[in-house]
Number of protein chains: 2
Amino acid sequence: MARIIYGSELSVKLKSDMAHQVEQYTRIHRQPKLAVVLVGDDPASMSYVKGKEKACDAIGMASKTYHLDGSTTLDTLLTLIDGLNHDHTVDGILVQLPLPDHLDEQQVLSKIDPSKDVDGLTPISMGRFFANQPGFKPCTPLGIMALLKEANVTIEGKHAVVVGRSQLVGNPIAQLLLRANATVTMCHSRTVDLEEVTKTADILIVAIGKPRYIGANHVKDGAVVIDVGVNRVDGKLCGDVDFDMVEPKVSVITPVPKGVGPMTITMLLSNTLQAYRLHEGIDV
Amino acid sequence: MARIIYGSELSVKLKSDMAHQVEQYTRIHRQPKLAVVLVGDDPASMSYVKGKEKACDAIGMASKTYHLDGSTTLDTLLTLIDGLNHDHTVDGILVQLPLPDHLDEQQVLSKIDPSKDVDGLTPISMGRFFANQPGFKPCTPLGIMALLKEANVTIEGKHAVVVGRSQLVGNPIAQLLLRANATVTMCHSRTVDLEEVTKTADILIVAIGKPRYIGANHVKDGAVVIDVGVNRVDGKLCGDVDFDMVEPKVSVITPVPKGVGPMTITMLLSNTLQAYRLHEGIDV
């Protein structure tokens, strides 16, 4: 029987700590604030943005959503971001992706002041991340590291296998595990005999977007399994790991939902609070 | 008996192609030019800079070295780089590292215009590299990829093991191999039982700076071995791989010297030529 690590529970704990800090900060300095930019009316994006507003609110952090028409021009959007860059009451700026096709995402993201890039997705933040310099790291990989810490998983000297090589998750989590002194293998859709590789993992991170793809045969007895997948099958959420088959074999596993998912927003709040401290000159 | 791949030979071929292009470009447009900034009198740095000047000269590319006193201030250095950024006759800017201790390397590198960052070491170039956007890639990893191509090594679906996780070599070559669809494992000084991992490599890249550290027991029969190490033992150069012991076992191997080393400068020339084409609006 595995220990099941709930990101939902860890999030509650971390958010409670942050709420306490926000209260103190607001009393002494000013209220931290996240600006969210949403272009168009994609229902999924609108629901994600709502979730971010709610999360800010829950810890007493201010948030303001700038909801622009789907036909907004690049110039208008860049001018808005420029204004937010210079607004001293704004600590973090998040542009909800994807943007409509006529807007170049890289051009838009590049406009965000790196000191406010709490999503960690601008080229300069990525460069700083991979060059191991101070800067904001992407939220989902940070959330995974927090879950591993919560589960008291030893990373140093272990073999970590990351399945999926996305810029948002697979690639940066491999980097964080490497820095924590794991030996790291990166697998993907072109990996020959995936099972042979994942079976050697002490720590297995799966982020491929294929419902219940990783079964019992893919994992070693006693492994630690982190499931980043969020798939909808017959109206129900499930991960990339076949939880019911894998759970009995491993030592630690995250469920879907209530696993990695809630950690991503929590780490966004954490990054925004870090940006706030940076802007207010608060040492931690 | 392995096929021995000489970077020195491949370099001659690539440089000859580039010399031909430079001649044509110079006739029609202007001569491509590399600016090299050297601060202080470190003998190794001075010799590297000489090597770069010679390489430019050999293909008909202009180069100019700005040799500053070791006590040069940050302001002076940044002003120089700013001038080179705006000089339309300069295609590439290379700041020879390491800089004296009183100069912050990241601050200096960040000043280089990304369109002239032919070393690929500024944070913005690194970010573009890891975000898989257009930009300059670091020269040694590019050289390794060129050697693998020269040796007709199939990368897709193979298991590549990279030993060493530096920002200059290990990390970016892992990334390039991943993009070429290899399954990639990153090892380092904290890897437990390195031999067990390297023995599974179809392609083994070693960049650790330990003379002849990788022996016959570390490699699989028929593997492809790329030795990035340059170590001096008893006045003689040797790699991180024990060439005499490993060579009989593998299918392809690079020697030291005359292996990866010459490729780094060749790729610097190639990046500078790419910068030139960018600046002159020449499509390839």
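Two residues are in contact if their C-beta atoms, placed from the backbone, lie within 7 Å. The model is predicted: local features need pLDDT of at least 70, side-chain atom pairs pLDDT 80 or more, while totals for chains, interfaces and linings use all residues. Residues are numbered from 1 along each chain as written, and chains are lettered from A in the order written.

**Exercise 1.** Determine how many residues each chain gives to the contact, and which element of chain B gives the most.

*Solution.*
1. Count by chain: 26 residues come from chain B and 26 residues from chain A.
2. Assign elements, taking helices (H or I, at least four residues) and strands (E, at least two) as DSSP runs numbered from the N terminus. On the side of chain B, α5 (123–130), α7 (170–179) and β6 (183–187) each give two or more residues.
3. Rank: α5(B) gives the most, with 6 residues.

**Exercise 2.** Find how β6 of chain A and β6(B) pair.

*Solution.*
1. Apply the criterion: strands pair if DSSP finds at least two bridges between them.
2. Here 3 bridges join β6 (residues 183–187) of chain A to β6(B), in the antiparallel sense.
3. Locate a partner: A:Thr185 stands opposite B:Thr185.

**Exercise 3.** State the strand order of the open sheet in chain B, and why one side of β3 and β4 lacks a neighbour.

*Solution.*
1. The order of the 3 strands is β3-β2-β4, with parallel pairing.
2. β3 (62–68) and β4 (92–95) of chain B are edge strands with a single partner each, so one side of each has no neighbour in the sheet.
3. Check one pair: 7 bridges join β2 (residues 33–39) of chain B to β3(B). Within it, B:Val36 has B:Thr65 as bridge partner.
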